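Reader: I have a chain open on my screen and would like to talk through its fold before going back to the bench. Could you take me through it step by step?

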Amino acid sequence: MGIQLMGLAHAKQKLQRTLSAKIRMVVSASTNVPKGHVAIYVGESYKKRFVIPISYLNHPLFQDLLNLAEEEFGFDHPMGGLTIPCSEDYFISLTSALNCS
């Protein structure tokens, strides 16, 4: 009986360390976004993370992408952040055009 309790206590400590490490990893990933920017996941199958200025969100072309995302995902985004269902190439060309304007 004593051995089983010691094994259970050890397993609990190991699980807590593992979960703490995963939580730290998620928190550090979310803090890599500079002030005035937002992280967005883009792609049709594989999702790539982009960090863009918040000002892009008001542009009419970007609003079209946001409407597309709303139609496809609603408010349940699979990556945990804003997910845009378009090709990476299109997104890069759009943000390049917005950066020049």
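Author: Let me begin with a term we will need: two strands count as paired if DSSP finds at least two bridges between them. Please keep in mind that this is a predicted model.

Reader: Okay, so which residue stands opposite His37?

Author: His37 has Pro53, in strand 2, standing opposite. Strand 1 and strand 2 pair in the antiparallel sense, and this pairing runs over six bridges.

Reader: And how many residues sit between those two strands in the hairpin?

Author: Five residues lie between strand 1 and strand 2 in the hairpin, and Gly43, in the turn, has a positive phi of about 145°.

Reader: Stepping back, what order do the elements come in?

Author: Starting at the N terminus, the order is α-β-β-α-β-α, which gives the protein three helices and three strands.

Reader: What about the inside, how many residues are in the largest nonpolar core?

Author: That core has 13 residues, and among those with the most contacts inside it are Val42, Ile52, Phe62 and Leu65. Two or more residues each come from strand 1 (37–42), strand 2 (48–53), helix 2 (60–73) and helix 3 (88–100).

Reader: Leu65 caught my eye; what is it in contact with, beyond its neighbours within four places in sequence?

Author: Leaving those neighbours aside, Leu65 is in contact with Ile84, Cys86, Tyr90, Phe91 and Leu94.

Reader: Last one: what share of the protein is buried?

Author: Of the 101 residues in the protein, 23% are buried, while the exposed area comes to about 7,400 Å², with carbon and sulfur atoms supplying 61% of it.

How values were computed
Residues numbered from 1 in each chain as written. Predicted model: local features only at pLDDT ≥ 70, side-chain atom pairs only at ≥ 80, totals over all residues. Heavy atoms only, no water. Helix = DSSP H or I, 4+ residues; strand = E, 2+ residues; numbered from the N terminus. Buried < 20%, exposed > 50% of the residue type's maximum accessible area, 1.4 Å probe, protein only. Areas by Shrake-Rupley, 256 points an atom, 1.4 Å probe, with all protein chains shown as cover. Core = buried A, V, L, I, M, F, W, Y, C linked by side-chain atoms within 4.5 Å. Contact = heavy atoms within 4.5 Å.
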